[in-house]
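Here is a short tour of the structure shown below. Keep the viewer open and follow along, one region at a time.

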Amino acid sequence: HCKLPNEGKIDASQQRHAQLWGAMRIARVVALMLALMLAPRVEDRARDASPSGDAAFATTRRGPGDRETMTRFGASLVGALHDGDDADHTVGVTVDEDGNPIGDAVTQPARSMVGFVQDCSGFPPTQSGTLCGARGAYLHGHYLYVAATQVDTVSVVDVYRPDMPTVAGSVTDAKVLKGVVATWMHRSGEYLIAVARGRRPEGFGHVALIDVRWDRWRTDAAGRYLVTPRVVSHLANCSTDVTRGLSVGKLCGARAVAVVDETAYVVSEMSNSLSVVVVPARLSKDFMGFEPPTIVPEFVGTLVDTRLEGAYAVGVNGPNAYVASRWCKTCVVLVSLEDPGNPVVGGKLPRPGVLGQFDVVTSQEEAIARIALGAPLRGVEFVAKGVEADSAFAFVTTEFDGRVTTVDKKCVSFSADLGESVQQCALSARRVLYDLDFPADPRYEYRANARPNQALG
């Protein structure tokens, strides 16, 4: 064997080249790690330097009184979940050692479930936790106000991190919040309106006001906001007619609410009614130091009609209320609110093609009513209200396991369009295109949550 003149030099050169290549790979990994660590600081500095109206940096962690959209974090997180054509992979995306995103870069979405919080243990009627029977919810700022039916509780869930929601506080009232099913934040941001249907089969319903003003909030050692809500007033109107063995009144089995300014519209499935209730403009003193005239909700007018039998959802648009009831599975009942003290069946709708003319319409297919309301009435009882139109997320509650789940909002929209239960978006990491579903799932159908108003056993 003869040794070539340059053989030792070639080996040494190859070794140096391999060492240099290895060092470059280590440097790239270190640089990537530093970039991920410093990204929040860079974003904070950019946010501080940006004008207040810059929507790209609209999301900062604030207290409960600030209404905000989670645009920056939301766009980044949904980009990570979808991993689509967007070239921005700055937050939450798994990358290889060369910085390239790992995963399907074409098909979207990758999954529907983003994150969840769960707080419930045991079985009815001895369950314990702050979210047992999670049902109606309302988003204000980055806090969800959730009705936990099984434990007579309204809980506050912090969704500042949509992928990691946490419980920030709760209030329980075994009488006023008995079977609470729906919530709505008043526009003042000072209090919450909660509707409770009462214990079955009596259904002694309530409309309660819950104080969540700034003095109810505090911060823990980590700077996280926590709240201690307090029931400050309530309205009730339901009792037992012993001679007939029936529950009678305006709020028997109160089931859903829609609020416009200082007026709450409450439907009750056992009373077959729609009640117009006035609520206070504020709980606090005004700028001159005067207390509000009252902080107690009061009845203005109530409609009782067989077409409102088992009423379980309500929406309001202009002078009309739209009520979903058992009277019709596919249509909604229109109620005129022109005289709040005397609501009547038959809403006024513009006559097509005739300017200034109106028709009185008693019922309408929900598919048509949805255009006026901007959202469906049926099938979305477990989807939080108050979510802004441009939000990337929706929030779905599941009562059987006491859970609140952040989901991709597109999944909820497609599920509602297909007539499927929106809870499919929360119960699994759904890995299909939302507008394709084979085989089709059974269509959503309302099932009564309270017995018909009949003789008490």
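## The hairpin of strands 12 and 13

In this predicted model, strand 12 and strand 13 form a hairpin with four residues between the strands. Within that hairpin, Gly245 adopts a positive phi near 65 degrees. The two strands cover residues 238–241 and residues 246–249, run antiparallel and are joined by four bridges. To find the register in your viewer, look for Ser239, which stands opposite Val248 in strand 13.

## The protein as a whole

Stepping back, the protein has 457 residues, and 44% of them are buried. Its secondary structure comprises five helices and 26 strands. Among the contacts with a separation of 6 or more, 52% are made by residues 24 or more positions apart.

The surface deserves a glance too. About 23300 Å² of the protein is exposed, and carbon and sulfur atoms supply 56% of that area.

## The four-stranded sheet

Four strands make up an open sheet with the order 2-3-4-5 and antiparallel pairing. Strand 2 (134–140) and strand 5 (166–172) are the edge strands, each of which pairs on one side only. On average, neighbouring strands of this sheet are turned by 20 degrees against each other, direction ignored.

Now look at the pairing of strand 4 with strand 5. Strand 4 spans residues 153–158, runs antiparallel to strand 5 and is joined to it by six bridges. Thr153 stands opposite Thr172 in strand 5.

## Ser155, a residue of strand 4

Is Ser155, a residue in strand 4, buried or exposed? Ser155 has a relative accessible area of 0%, so it counts as buried, the cut-off being under 20%. The side chain of Ser155 reaches the backbone oxygen of Thr130 at 2.4 Å.

Which residues does Ser155 touch, leaving aside those up to four places away in sequence? They are Thr130, Leu131, Leu144, Tyr145, Val146, Gly169 and Ser170. Thr130 therefore appears both in this list of contacts and as the partner whose backbone oxygen the side chain reaches.

## The three-stranded sheet

Another open sheet has three strands in the order 1-26-25, again with antiparallel pairing. Its edge strands are strand 1 (113–118) and strand 25, and each pairs on one side only. From one strand to the next, the twist averages 20 degrees.

Strand 25 and strand 26 run antiparallel and are joined by six bridges. Here Val396 stands opposite Thr405 in strand 26. If you follow these strands residue by residue, a general point may help: in a regular strand, side chains alternate between the two faces of the sheet.

## Helix 4 and its cover

Helix 4 lies across strand 25 and strand 26, and runs at about 90 degrees to strand 26. Helix 4 covers residues 409–418, and Cys411, Val412 and Ser415 are buried in it. Why do the buried residues of helix 4 line one face? Seen down the helix axis, they fall within an arc of 100 degrees, so they share one face of the helix. Their cover includes strand 25 (393–398), strand 26 (403–408) and helix 5 (424–427).

Both ends of helix 4 are worth a look. Asp408 caps the N-terminal end, with a side-chain oxygen 3.1 Å from the backbone nitrogen of Lys410. Just after helix 4, Gly419 takes a positive phi of about 80 degrees.

## Two prolines in loops

Pro340 sits in the loop between strand 20 (331–336) and strand 21 (344–345). With a relative accessible area of 37%, Pro340 is partly exposed. Not counting residues up to four places away in sequence, Pro340 touches Val276, Val300 and Gly301. Phe299 is 41 residues from Pro340 along the chain, and their C-alpha atoms are separated by 9.9 Å.

Pro201 is found in the loop between strand 7 (191–196) and strand 8 (206–211). Its relative accessibility is 26%, so Pro201 counts as partly exposed. How far apart are the C-alpha atoms of Pro201 and Gly253? They are separated by 8.8 Å, with the two residues 52 residues apart along the chain.

Notes: Residues are numbered from 1 along each chain as its sequence is written. This is a predicted model: local features need pLDDT of at least 70, side-chain atom pairs count only at pLDDT 80 or more; totals for chains, interfaces and linings use all residues. Side-chain values use heavy atoms; hydrogens and water are left out. Two strands pair if DSSP finds at least two bridges between them. Axes are lines fitted to C-alpha atoms, for helices over the stretch in contact, and angles run from 0 to 180 degrees between N-to-C directions. Buried means under 20% relative accessible area, exposed over 50%, partly exposed in between (1.4 Å probe, protein chains only). Contact means heavy atoms within 4.5 Å. Accessible areas come from the Shrake-Rupley method with a 1.4 Å probe; for residues, only the protein chains shown count as cover. The arc is that of the directions from the helix axis to the C-beta atoms. A polar contact is a pair of N or O atoms within 3.5 Å; within protein, one must be able to donate a hydrogen and the other to accept it, and residues adjacent in sequence count only if both atoms are side-chain atoms.
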